[in-house]
Structures are given as C-alpha cells and as structure tokens.
Amino acid sequence: AALLKGFVGDNVLLGFLVIIGVSVLISGFVDNVPYIIVMLPVAATLASHMGLKAELYMFALLIGSCLGGNLTPFGASANVVAVGLLKKEGKLTSFLSWCRIGVPFTVLTTASAAAVVAAVRSAAACLAGAIREVDRAVRGWVCAGVGCGPGRARMAAAAAEHWLSSP
C-alpha cells in the first residue's frame, strides 16, 4: 500500500487505473482468488489513506482481476477448457494466437467496465449534491411556512430526511 501510495499520491483516478492495470497483468498469469485475497487489504489501505471509501478500489480490483483472466490461455479456468476443446477438435492454439484475441478483448472489456464504474461514481456524486440541495430547500420551505422554532426545525429536517431516503 505504501508503494502504491507513493506512486499515485493523492490522485484518485490514477490509483483506480493502477489497481486495474496491475490486476489485469497479474490475473493473466495467476489465479485471481489468491490475488484478490492478498490485494484486498492493500486496496482498502490505499483508499483509507486517500480519505475514500474502500469500495471504489475494491471495484478496480474486481474489474482488473476478473477481466484480466481473459488475457492468456491459462488466465482463467474457462480458457483452459476452451483450449482443451479446441485441441480435441484438432485445432491447436498457441500462446501468441490466443493473445492476439485475448489482449484486445481484455483491454476493451476492462476499459468499458472502468468507464461504467467511473460514470456511476460521477453520477452518484452529482445525485448526492442534488439531494443535499433539495434537502436544504425543503427544510427552508417547511420552516418558512410554519414559523419554525428549534423544535419544529428539527421535525421539518427529520421529515425531509425521511422523505429523501424513501425508495
């Protein structure tokens, strides 16, 4: 975590991309389950040092390690089965011939998944800001209409909070 922190500094996006990139490369050659187990505390510590919730870097870890298995013929169990089935059909697949398809596919799917997570994170931040603004407006509107004292202001705030948190 200290090595990653030194490399990415306080750049949240760079941390996200580095975790994805390292995860893709390692998961192309190593089973993703032990890798994820080892990296979970690293990602959580890095997020904590940056003042973030750990979920963003956990998603980076999941994206990179799961999709990175497509990189090589032995990066995922399904790949090994596919190579075995091809061999059974008399079609030999070399490491390089697999990588000619696996590398672009892995880059495309990983970039797409990372873009979706980034978009959702951005939308969630915008939505949280909008909810705070609506909350302030509702509190002000309720208090202006009923002449709030301290007790009524708390009741109005609680009602607004309940209204905003309802599904």
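These are my notebook entries on what I looked up in a predicted model of one protein.

**Entry 1: confidence and overall make-up**

I began with the confidence values, since the model is predicted, and found a mean pLDDT of 82, with 77% of the residues reaching 70 or more. Among the elements, I noted that α5 has the highest mean pLDDT, at 92, while helix α7, covering residues 150-165, has the lowest, at 57.

I then went through the secondary structure and counted seven helices and zero strands, which, read along the sequence, gives the pattern α-α-α-α-α-α-α. Of the 167 residues, 26% count as buried, and the protein exposes about 10400 Å², of which carbon and sulfur atoms supply 73%. For contacts with a separation of 6 or more, I recorded that 66% are accounted for by residues 24 or more positions apart.

**Entry 2: cysteines**

I searched the whole structure for disulfides and the search came back with zero. I also looked up the cover of two cysteines: C66 is partly exposed, with a relative accessible area of 45%, whereas C99 counts as buried because its relative accessibility of 14% falls under the 20% cut-off.

**Entry 3: two buried polar residues**

Is S23 buried or exposed? I found S23 in helix α2, which runs over residues 12-27, and its relative accessibility is 0%, so S23 counts as buried. Setting aside residues up to four places away in sequence, I listed Y35, L61, G64 and S65 as the residues that S23 touches.

I next turned to T110, which lies in helix α6. The relative accessibility of T110 is 7%, and T110 therefore counts as buried. Which residues are in contact with T110, once its neighbours within four places in sequence are left aside? I wrote down I20, V24, I63 and L67.

**Entry 4: the nonpolar surface patch**

I looked for nonpolar side chains on the surface and noted a patch of about 810 Å², made by V22, L25, I26, F29, V30, F74, V80, F95 and L96. Which helix gives the largest share of this patch? The answer I recorded is α2, with three residues; α2 and α6, the latter spanning 95-146, each supply at least two residues.

One member that I followed up is V80, which is found in helix α5, residues 77-88, the element with the highest mean pLDDT. V80 has a relative accessible area of 47%, so V80 is classed as partly exposed, and a value over 30% is what a residue of a patch needs.

**Entry 5: a proline in α6**

My last look-up was P104, whose place is in helix α6, the helix that also holds T110. P104 counts as partly exposed because its relative accessibility is 46%, which lies between the 20% and 50% cut-offs. How far apart in space are P104 and L71, C-alpha to C-alpha? I noted 8.5 Å for this pair, although P104 and L71 are 33 residues apart in sequence.

How values were computed:
Residues numbered from 1 in each chain as written. Predicted model: local features only at pLDDT ≥ 70, side-chain atom pairs only at ≥ 80, totals over all residues. Heavy atoms only, no water. Disulfide = S-S within 2.5 Å. Buried < 20%, exposed > 50% of the residue type's maximum accessible area, 1.4 Å probe, protein only. Helix = DSSP H or I, 4+ residues; strand = E, 2+ residues; numbered from the N terminus. Contact = heavy atoms within 4.5 Å. Patch = residues over 30% accessible without salt bridge, like charges linked within 9 Å, V, L, I, M, F, W, Y side chains within 5 Å. Areas by Shrake-Rupley, 256 points an atom, 1.4 Å probe, with all protein chains shown as cover. Salt bridge = Lys/Arg side-chain N within 4 Å of Asp/Glu carboxyl O. pLDDT = per-residue confidence, 0-100.
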